[in-house]
Each structure stands twice: as C-alpha cells, then as structure tokens.
Amino acid sequence: MEIRVLTHNDTAEYKRIRLESLQKDPEAFNSSYEEESAQPDTFFSDRIMQSDCTVAVGAFIENRLIATASFFRFKSSRLYHKGYVVGVYVAEGYRGQGIGKKVVAFLIDNVRAYNDISKLQLRVSPDNEAAKRVYMSCGFEKEGLERDAMRVNGISYDDDLMVCYLHA
C-alpha cells in the first residue's frame, strides 16, 4: 500500500472514489452524489490540487485509490490558524484494517509542515463509532455537538464536532 499526496494525475481515481463514497455513505458527507456526479472533471482536479490552503491524500493498492482524506482552510487572516479535515473515506473492502488511521495520520503530518496551523477540526456522525475511534487515535477529541447539522432526503442528522490541537 502506498499513501501519498494526490496530484492532478489522480483525478480519475479521485472522482471514482469520491462518487462511490457519496453513494455508499450519503449521510457522511455534505455534498450529494447527484450534485457532484454532474460536475466536470475539473471540479475534481481542483479539489485535489495542493496549495497553502488545501491538500488531499490517499492510499493506493496497485494504482487503485482505496482511501482519501483532505484538508482545507479559509484564506481569511482571522481563520488562517485552523483547518478542516474533510472527505475521509475508506472503500468498503478495506475497512477495519487500520488504513483510515494511516491516511488521517499522514494528512495530519502533511498539515503540521504548514507550521501556522494550530488546530484541525472535523465533523462526524455521532453513530459512526469506527470513524470516531480513528480520529481519537490520531489526537482528536470531541468538542461539541451540532444538532440538525445536515438533512438528507428530509432526515435530520447531527454531527459531533472534533478538534485536534497540533502545536499544544
């Protein structure tokens, strides 16, 4: 298995796994399959292009992307010290093998290199115990709960809010 930062050469694989994630776990993501499947390839390549505000990483087995995690932050000087972990997904056949932890840890290590990021935040379903265990093993702790954080097909979902302090 290879874990690395994604590049524009990974656009097709990223698009494939992103759409898969939206179909298999729709309540875990803010976007929907219907919204993103209608987007051009440039939408997906833009999401994985590394900059001072974004980085996307993934795990590959035999050139097939099996897990992803991304980081972004806003450009506002008032919010520049913190970032968000989003788009964490491990393909169904690879869950329970520690791949999610390795991908999230690799992402955090890449974010630490920025030096001006002091904390990472993420949102996770309160019922997703496996994901919460991964996040806690990488240094995240629960910070709060947002009720009615998202609605999928008229059903309300809450989110646990988690934080990881990088330079404490």
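**Exercise 1. Across the sheet**

Which residue in β7 is the bridge partner of leucine 122? Find it, then place the two strands in the sheet.

*Solution.* A quick caution before starting: this is a predicted model.

Step 1. Look across from leucine 122 into β7, and you land on methionine 162, its bridge partner.

Step 2. Now zoom out to the strands. β5 (residues 119–124) and β7 (residues 155–165) run antiparallel, and 6 bridges join them.

Step 3. Check the other neighbour of β5. β4 and β5 are joined by 3 bridges and run parallel; tyrosine 84, for one, has glutamine 121 in β5 as its bridge partner.

Step 4. Put the whole thing together: there are 7 strands in an open sheet with mixed pairing, ordered β1-β2-β3-β4-β5-β7-β6. β1 (2–5) and β6 (141–152) have a single partner strand each, so they stand at the edges with one side lacking a neighbour in the sheet. From one strand to the next, the twist averages 25 degrees.

Step 5. Add the helix that packs on this sheet. α4 (residues 99–112) touches β1, β2, β3 (64–72), β4 (82–90) and β5, and its direction makes about 40 degrees with that of β3.

**Exercise 2. Two helices, two buried faces**

Work out which residues of α3 and α5 are buried, and what packs against them.

*Solution.*

Step 1. Start with α3 (residues 41–48), where the buried residues are Phe44, Ser45 and Ile48. They sit on the same side of α3, because the arc they cover around the axis is only 100 degrees.

Step 2. Ask what lies over them: the cover includes α1 (11–24), α2 (33–37) and β2 (54–61).

Step 3. Do it again for α5 (residues 129–137). Here Ala131, Lys132 and Tyr135 are buried. Down the axis of α5, the buried residues fall within an arc of 100 degrees, so they line one face of the helix.

Step 4. That buried set packs against β4, α4, β5 and β7. Just for orientation, α5 is followed by glycine 139, with a positive phi near 105 degrees.

**Exercise 3. A lysine under cover**

What is the nearest side chain of opposite charge to lysine 82, and how far away is it?

*Solution.*

Step 1. Locate lysine 82: it's in strand β4.

Step 2. The nearest side chain of opposite charge is glutamate 143, 7.8 Å away. A salt bridge needs the charged atoms within 4 Å, and lysine 82, though buried, has none.

Step 3. List the company it does keep. Beyond its neighbours within four places in sequence, lysine 82 is in contact with Arg73, Ile117, Lys119 and Gln121.

**Exercise 4. Two hydrophobic-looking picks to trace**

Trace the contacts of leucine 107 and phenylalanine 140, leaving aside neighbours within four places in sequence.

*Solution.*

Step 1. Leucine 107 belongs to helix α4. With a relative accessible area of 1%, leucine 107 is buried.

Step 2. Its contacts are Val55, Val57, Ala69, Ser70, Phe71 and Val85.

Step 3. Move on to phenylalanine 140, in the loop between α5 and β6. Phenylalanine 140 is buried too, at 3% relative accessibility.

Step 4. The contacts of phenylalanine 140 include Val85, Ile108 and Tyr135, along with Leu120, Gln121 and Leu122, and then Met162, Val163 and Cys164.

Step 5. Finish with β5, which is mostly covered: 5 of its 6 residues are buried.

Methods. Residues numbered from 1 in each chain as written. Predicted model: local features only at pLDDT ≥ 70, side-chain atom pairs only at ≥ 80, totals over all residues. Heavy atoms only, no water. Buried < 20%, exposed > 50% of the residue type's maximum accessible area, 1.4 Å probe, protein only. Helix = DSSP H or I, 4+ residues; strand = E, 2+ residues; numbered from the N terminus. Arc of directions from axis to C-beta. Contact = heavy atoms within 4.5 Å. Pairing = 2+ DSSP bridges. Axes fitted to C-alpha atoms, helices over the stretch in contact; angles between N-to-C directions. Lys, Arg positive; Asp, Glu negative; His and termini not counted.
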